[in-house]
Structure formats: C-alpha cells, structure tokens
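I set out to record what I looked up in this structure, entry by entry. The topics are cysteines, packing and one loop residue.

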Amino acid sequence: MSVVDLDPILRGVSKPARYSGGEWNSIQRDWDDCDSRWALIYPDVYDIGMSNGGLAILYDLLNRCSGSLAERCLATSPDIEASLRASGVPLFSLENRRPLHEFDAIGFSLSYELTYTNVLNMLELGGITVRAEQRADHEPIIFAGGSGALVPEPLAPF
C-alpha cells in the first residue's frame, strides 16, 4: 500500500495535528532503505502518549541503529476512527503514514491496564489479525512492555 493520503481522512476531525506528524525532533527515514521496520505504539490519544518517556527513548534508540526504522502511532479519537472506517483506510504511523500491517514488529507501551481495549482496537484498525493464534506468518510480530504489561495474561490471546 502506498502512503496514506490525509486530506480526505482529516476533514471534520477536531484535532488533525494529532495525526499529521512532522513534529519537532521527529525522525523520518526512507522506508525502502531499512531492513527492519518498527511501529511503536502508545494506546492512548496523542496528547497523553507523546509525554511518555519510554516511547521517546525506544524511538530514538531504534532509529539510531543502521537499517532500522521506528515510527510512532497513537490511539485514535472517535472522530478519526469513524473517518478511517468509513474510508476503509487502516490505522497508520505518523512519520511515513504507513499502515500498521506493513511493519515488521508492533510494540505497545502499556502504562496501565485500561488501555488493553485500545490495543485490540488499534490492531483491528491497523489491518492486523487480533487473535494471535489466527495471525499469519506474514503479519507483524506483536509485543508489549511498560508497567501495564506486568500482568500479561489478559492480553495473552492477542
């Protein structure tokens, strides 16, 4: 799939800057020049997720590695989720606007258990099979960390 076109999706969205990328100190690398592509996800809205230090550290470290690309994605608000579903466009990363299902690995930073349902919604919106046992070999590896992952059993099937 090509890069997601934001214009039709962001019409009517209350805070479009949450989804457009290009922030100060963001890192945009050439998708085709990288051997491993990581999507680092905070399963809450942009305003909360961007203050997460762990996400920022992993983002920087992975982008410093030769041949590695790390991009960010955050949970959607109801208005853009409705727009994505109506247009059939999968959830995408901020930097290269690539659908989540095109990444090699998807990492969730979990700060608390109440975001578990957001994880499932983001997988589904990103075009990734939600249940791990049904996921195909060509789909991204899914992993999670952070204090919200200390009791991983509720997410084990996913």
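The entries below concern a predicted model.

**Entry 1: cysteines**

I searched the whole structure for disulfides and found zero. A disulfide is a covalent bond between the sulfur atoms of two cysteines. I then asked why Cys-65 forms no such bond. The closest cysteine sulfur to that of Cys-65 belongs to Cys-34 and lies 11 Å away, which is too far for a bond; the cut-off I applied is 2.5 Å. For Cys-73 the closest cysteine sulfur is again in Cys-34, at 18 Å, so this pair is too far apart as well. I also looked up the accessibility of both residues. Cys-65 is partly exposed, at a relative accessible area of 39%, whereas Cys-73 is buried, at 1%.

**Entry 2: helix α6**

Which residues of α6 are buried? I noted Tyr-116, Val-119, Met-122, Leu-123 and Leu-125 within this helix, which spans residues 116-125. I next looked up what covers them. The cover includes the strands β1 (36-42), β2 (68-74), β3 (105-109) and β4 (141-145), together with helix α5 (78-87). Just after α6, I recorded a positive phi of about 80° at Gly-127.

**Entry 3: nonpolar cores**

In soluble globular proteins, nonpolar side chains tend to be buried together. I therefore looked up the largest nonpolar core here, and it has 30 residues. Leu-100, Ile-106 and Phe-108 have the most contacts inside this core. Two or more residues come from each of α1 (6-10), β1, β2, α5, β3 and α6. The most come from α6, which gives five. Another core, of nine residues, lies apart from the largest one; among its members are Tyr-42, Tyr-59, Ala-70 and Leu-94.

I then listed the contacts of Phe-108, leaving out residues up to four places away in sequence. Phe-108 touches Val-119, Met-122 and Leu-123, which are among the buried residues of α6. Its other contacts are Ile-41, Pro-43, Ile-142, Phe-143, Ala-144 and Gly-145.

**Entry 4: Asp-44**

Is Asp-44 buried or exposed? I found Asp-44 in the loop between β1 and α3 (46-49), and it is buried, with a relative accessible area of 11%. Beyond residues up to four places away in sequence, Asp-44 touches Leu-74, Ala-75, Tyr-112, Thr-115 and Asn-118. I also looked up its separation from Tyr-116. The two are 72 residues apart in sequence, and their C-alpha atoms are 10.0 Å apart in space. Tyr-116 is itself one of the buried residues of α6.

Key: Residues are numbered from 1 along each chain as its sequence is written. This is a predicted model: local features need pLDDT of at least 70, side-chain atom pairs count only at pLDDT 80 or more; totals for chains, interfaces and linings use all residues. Side-chain values use heavy atoms; hydrogens and water are left out. Buried means under 20% relative accessible area, exposed over 50%, partly exposed in between (1.4 Å probe, protein chains only). Helices (H or I, at least four residues) and strands (E, at least two) are DSSP runs, numbered from the N terminus. Contact means heavy atoms within 4.5 Å. A nonpolar core is a set of buried Ala, Val, Leu, Ile, Met, Phe, Trp, Tyr and Cys residues joined through side-chain atoms within 4.5 Å.
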